[in-house]
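Morning, everyone. Please have the sequence and the structure open while I talk.

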Amino acid sequence: MKRTFPLLLLFALLGGCKPPVARVSPPTPDMRAPAPPDALAPVIAPPVEATVSVLELGPPGSERPAYKRPPVIDFHAHLSLDGQERIQRIMRENGIELMVNLSGGSFRHGPEQWLQAKILADALGGRVVNFMNPDWTGYGDPTWAKREADRLDEAVNRYEFRGLKIAKILGLGAIDEATGQLVKVDDARLNPLWQKCSELGIPVTIHVADPRAFWWPLNPHNERWDELKVHPGWAYGQVPPELAVQLPVRPKPPSWAELLEAAERMYRANPRTVFVAVHFGNAAEDLDYVDGLLSRNDNVYIDLAARVGEFGRHPAAKLLAFFTKWQDRIVFGTDIGIGSDFLMLGSNGAVEPQLPEVRPFYEAHYRFLETGQKQIAHPSPIQGNWKVDAIDLPAGILQKIYRDNALHLLDRQRLKTFAARQLPETKPRPIGVPDENQPKPPQ
Ligand SMILES: [Zn+2]
């Protein structure tokens, strides 16, 4: 049975993680000429001097006046292609050297979006790099993964894209048109696409599931009520009738744990591909689970985007120990969205933020990572009405999280070398026999 996936639901599922499509003028024909293969060129121009090199925050005595922050890479941004001026300004004012645009676009309407994304990156002197988004239409056709792998090859080799971004629509919205069912995160038919990433030496950033409270009944007792009442389409639990009427009909979503288990099966089945599990491994609520995820899978990194408020609820000492242990596998990211008339700061409420709110947003991240201040505001207060204790990371760890780890992920030769490493031998396990290495699902 063929089935068309409702467009409205697609938008609802992408909400909060994707700015509106940019309005751009058509390219001149000669701009379509193939770019020379430049696969292993350095990612960025020489580092800029950070404009926010000294933290000017907090009560006297609590800041780190001697600390010089390196130029920061924001590994999780959504950039509208018409937003060049604001992007430049925001980068300059917040000490951002490079932004990774996870909304580089799909091939759904041809290469136009990729071309515009490349024009933006070029106009900013390479201080933006783009990641491709797959086009889920036609999923169920046996050629789907090959089609998207070929497109990815073109995005990388012709338009200088540097990665693949998978939105939470995988597992929660993308439909197998052959069966009408949701595509599973660990669907083996996706493997050719993951394998193409390892061949190309690029990472996959992947958003699976959402905050755990999104599965709880939606009412004023839900800790994410302020946010979900504005975006009821993000709620997967029981939604009150007055909000439910706004929602399109959709398939029953898998549970939080089912999604995370499927994601880990997928990481394990593709050990040569490097994954950046966004939003703190997609499980910021469960530090022990994320610790296990990283322990069991040397091909998984995490980013911090839009989850300081969530992981910041863990005891600061425990979180500091986590960051210390995993200092080589964590990248800084914020989930900022920027367009000429659009802003998102991790998450938005009913009223869109304004430009003057951007600097406090970045400073809230910096304050959390660089100071030991207690009970401070987290960067996106709409995500929860509570305070967090900062973790005062040593300068060496900050250097890795702000910059070095991101550069490793964007170093194609390094990822190819990783892909070629010797893997431990794994014996197939008889069906039904428990595997002690099997991930323990978070509760
Ligand atoms: Zn995002």
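I'll go from the whole protein to the sheet, then to the core, and finish on a single residue.

Start with the overview. This is a predicted model. The protein has 16 helices and 12 strands. Of its 443 residues, 46% count as buried. Now take the contacts with a separation of 6 or more. Residues 24 or more positions apart account for 76% of them.

How confident is the predictor? The mean pLDDT of the protein is 84, and 82% of the residues reach 70 or more. Two stretches fall below 50. One is residues 1–43, which has 68 contacts in the model beyond near neighbours in sequence. The other is residues 45–62, with 39 such contacts. Where pLDDT is low, the predicted coordinates should not be read in detail. Keep that in mind when you look at those two stretches.

Next, the sheet. It is open, it has 10 strands, and its pairing is mixed. Read the order with me: S10-S9-S8-S7-S4-S3-S2-S1-S11-S12. Which strands are at the edges? They are S10, residues 330–331, and S12, and each pairs on one side only. Strands of a sheet pair through backbone hydrogen bonds, either parallel or antiparallel.

Let's walk in from the S10 edge. S10 pairs with strand S9, residues 300–303, in the parallel sense over 2 bridges. Here Asp303 stands opposite Val331 in S10. Remember Val331. We'll meet that residue again.

Now go to the other edge. S12 covers residues 342–345, and S11 pairs with S12 in the antiparallel sense over 4 bridges. Together S11 and S12 form a hairpin, with 2 residues between them. Ile336 stands opposite Leu345 in S12. On the S1 side, things run parallel: 3 bridges join S11 to strand S1, residues 72–79. There, His78 has Gly337 of S11 as its bridge partner.

Stay on S11 for a moment. In a regular strand the side chains alternate between the two faces of the sheet. S11 spans residues 336–339, and Ile336 and Ile338 point one way. Gly337 and Gly339 point the other way. Are these four residues buried or exposed? All are buried.

One helix to find here is H2, residues 84–94. H2 lies across S1, S2, S3 and S11. H2 runs at about 135° to S2, which is residues 96–101.

On to the core. The largest nonpolar core has 115 residues. Which of them touch the most other members? Met99, Val276 and Val331 do. Helix H4, residues 144–159, gives the most to this core, with 7 residues.

Look closer at Val276. Beyond neighbours within four places in sequence, Val276 is in contact with Val331 and Asp303, among others. So the pair from S9 and S10 turns up again here. The list for Val276 also includes Pro203, Thr205, Ile206 and Leu409.

Last stop: Ala390. Where does Ala390 lie? It sits in the loop between helix H14, 358–370, and helix H15, 395–409. Why does Ala390 count as buried? Because it has 25 C-beta neighbours inside 10 Å, and 20 are enough. Among the residues Ala390 touches are Arg367, Phe368, Thr371 and Gly372. Ala316 is another. In sequence, Ala390 and Ala316 are 74 residues apart. In space, they are 6.6 Å apart, C-alpha to C-alpha.

That's my tour. Questions, please.

Terms used
Residues numbered from 1 in each chain as written. Predicted model: local features only at pLDDT ≥ 70, side-chain atom pairs only at ≥ 80, totals over all residues. Buried ≥ 20, exposed ≤ 12 C-beta atoms within 10 Å, placed from the backbone. Contact = placed C-beta atoms within 7 Å. Pairing = 2+ DSSP bridges. Core = buried A, V, L, I, M, F, W, Y, C linked by C-beta atoms within 7 Å. Axes fitted to C-alpha atoms, helices over the stretch in contact; angles between N-to-C directions. pLDDT = per-residue confidence, 0-100.
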